[in-house]
Amino acid sequence: MASDALQLDREARHRAVLPTGSFIVQAPAGSGKTTLLTMRYLRLLADVERPEQIVAITFTRKAAAEMRHRIVDALRKAGEPLAGEADERTRELQRHGSAALARSRELGWGLERNPARLHVQTIDGLNHWLARRLPLAARIGTSAALVDDARALYAEAAKRTVAMMDEDLPVASGLLRLARSLNHEPRQLAELIKGMLGARELWLPKLMRSHAGPGLRGEIDGLLRQSLESELAAALALLISQAALAQGKITGQVKDKDGNPVIGATISVKNKNVRVVSTEQGQFSIAAAKGDILEVTSVGYEKFEITVNDENSIIAQLTTRVESLDDVVVVGYGTQRKKDLTGSVS
């Protein structure tokens, strides 16, 4: 079983080196992915007319330097004899290195002395290399450089674009219409253009694909609708979060005039269907917003009211309700006043 897996691995590595197809290599660290890529690069060197025809792109400068070092090292060791205990991978690497070195000497590349002709670089490095070769008509010059934060450049480009309103250019009328829709605020228009430049990957492909055809308006309207929906969703989330903060928890304790806890008192929010009961320690917790009125009631005590303010903790001190025995009559399990009764009472 293990031998079958090793054979499949060898066959897959061999196919990945061949320049006749494209491959995605997925493997854990230390499994030889960089060596495999080095072999593929060397194999391509044996076929091309110029080494610049091969472009290898990495994500980091460290990875680019490591791969370039391995290629140069393989070219340097190509003419050296192998040790008798060299494994199959090392022997294959030397075979590809020898073929690449022979091609370099045949066509006079001089890769041993000029490894800079090996294009192993990051994606940013490739973009820089391409930018420096733009025609002079693009007015880029030879001083183009990559920047990590281009917001200042976006602002400058937006400022120059807005300035075209005062020039005799076809774009001036469109810029004037935009400025009028923004209450003639060129600075606001510049901010919008700056934001668009920072998110050009969202709209530029659609613009280039549509070529200002009849479908362009529909696509732009779709982007605008998505933007509005996103902004409205963010605003709604903000309102919900603010409402949740405003509707906070009010905690407190119900006590009598002597400071003893009142058990079983009812705490409710006036005009709302929200109520809780105090615990054995007279404590409670209730959801209420600033401006709500809390009502605290309990048998034998006067009703207590308090308006919720910025405090989230209150003390409700109840006052004993005094009733005259001449006015109160016990009937069954409850009480009634004399004036509400009929018949004789003794």
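Mentor: A polar contact is a pair of N or O atoms within 3.5 Å, where one must be able to donate a hydrogen and the other to accept it. Keep that in mind while we go through this structure, which is a predicted model.

Trainee: Which atom does the side chain of Thr-122 reach?

Mentor: The backbone nitrogen of Gly-125, at 3.0 Å. Thr-122 itself sits in strand 2, which covers residues 119-122.

Trainee: Is Thr-122 buried or exposed?

Mentor: Buried means under 20% relative accessible area. Thr-122 has 12% relative accessibility, so it counts as buried. Not counting residues up to four places away in sequence, Thr-122 touches Ile-57, Thr-58, Phe-59, Thr-60, Arg-61 and Ala-64.

Trainee: What does the side chain of Gln-253 reach?

Mentor: The partner is the backbone oxygen of Gln-281, at 2.6 Å. Gln-253 belongs to strand 3, residues 247-255. Its relative accessibility is 19%, and therefore Gln-253 counts as buried.

Trainee: Which residues is Gln-253 in contact with, leaving aside its neighbours within four places in sequence?

Mentor: Pro-261, then Gln-281, Gly-282, Gln-283 and Phe-284, and also Ile-314, Ile-315 and Ala-316. Gln-281 thus appears both in this list and as the polar partner of the Gln-253 side chain.

Trainee: Why does Ser-181 count as exposed?

Mentor: The cut-off for exposed is over 50% relative accessible area. Ser-181 counts as exposed because its relative accessibility is 55%. This serine is in helix 7, and a polar atom of its side chain lies 2.6 Å from the backbone oxygen of Leu-178.

Trainee: Now the backbone angles. What sign does phi usually have?

Mentor: Most residues other than glycine have a negative phi. Two residues here are worth checking against that. His-184 is not a glycine, yet its phi is positive, about 55 degrees. Asn-271 is not a glycine either, and its phi is positive at about 70 degrees.

Trainee: Where are His-184 and Asn-271 found?

Mentor: His-184 is in the loop between helix 7 and helix 8. Asn-271 is in the loop between strand 4 (266-269) and strand 5 (275-277). His-184 has 55% relative accessibility and so counts as exposed; Asn-271 has 78% and so counts as exposed.

Trainee: What follows helix 4?

Mentor: Gly-108, with a positive phi near 70 degrees.

Trainee: How do I judge the span of helix 4?

Mentor: Compare the distance from the first C-alpha to the last with the value expected at 1.5 Å a residue. Helix 4 runs over residues 88-107, 20 residues in total, and reaches 29 Å, close to the expected 28 Å.

Trainee: Which residues of helix 4 are buried?

Mentor: They are Glu-92, Gln-94, His-96, Gly-97, Ala-100, Leu-101, Arg-103 and Ser-104. Leu-107 is also in helix 4, but at 35% relative accessibility it counts as partly exposed.

Trainee: What is Leu-107 in contact with, leaving aside its neighbours within four places in sequence?

Mentor: Val-48 and Glu-49. Glu-49 is 58 residues from Leu-107 along the chain, and their C-alpha atoms are separated by 7.8 Å.

Trainee: And the pockets. What is the volume of the largest pocket?

Mentor: About 1200 Å³. Its lining has 31 residues, and the closest to its centre are Leu-178, Leu-192, Met-196, Trp-203 and Ile-220. Leu-178 is the residue whose backbone oxygen lies 2.6 Å from a polar atom of the Ser-181 side chain.

Trainee: Which helices each supply at least two residues of that lining?

Mentor: Helix 6 (151-163), helix 7 (171-181), helix 8 (186-198), helix 9 (200-210) and helix 10 (215-246). Helix 10 gives the largest share, 11 residues.

Trainee: How many residues of each class are in the lining of the largest pocket?

Mentor: There are 20 nonpolar, five polar and six charged residues.

Trainee: How many helices and strands does the protein have?

Mentor: It has 10 helices and 11 strands. Of the 346 residues, 24% are buried. For contacts between residues at least 6 apart in sequence, 47% join residues at least 24 apart.

Methods:
Residues numbered from 1 in each chain as written. Predicted model: local features only at pLDDT ≥ 70, side-chain atom pairs only at ≥ 80, totals over all residues. Heavy atoms only, no water. 1 Å grid on protein atoms, 1.4 Å probe; cavity = no way out; pocket = protein on both sides within 12 Å on 5 of 7 lines; lining within 4 Å. Points joined across faces, edges and corners; volume = space filled by probe spheres on them. Helix = DSSP H or I, 4+ residues; strand = E, 2+ residues; numbered from the N terminus. Nonpolar A, V, L, I, M, F, W, Y, C, P; charged D, E, K, R; others polar. Expected span 1.5 Å × (residues − 1). Buried < 20%, exposed > 50% of the residue type's maximum accessible area, 1.4 Å probe, protein only. Contact = heavy atoms within 4.5 Å.
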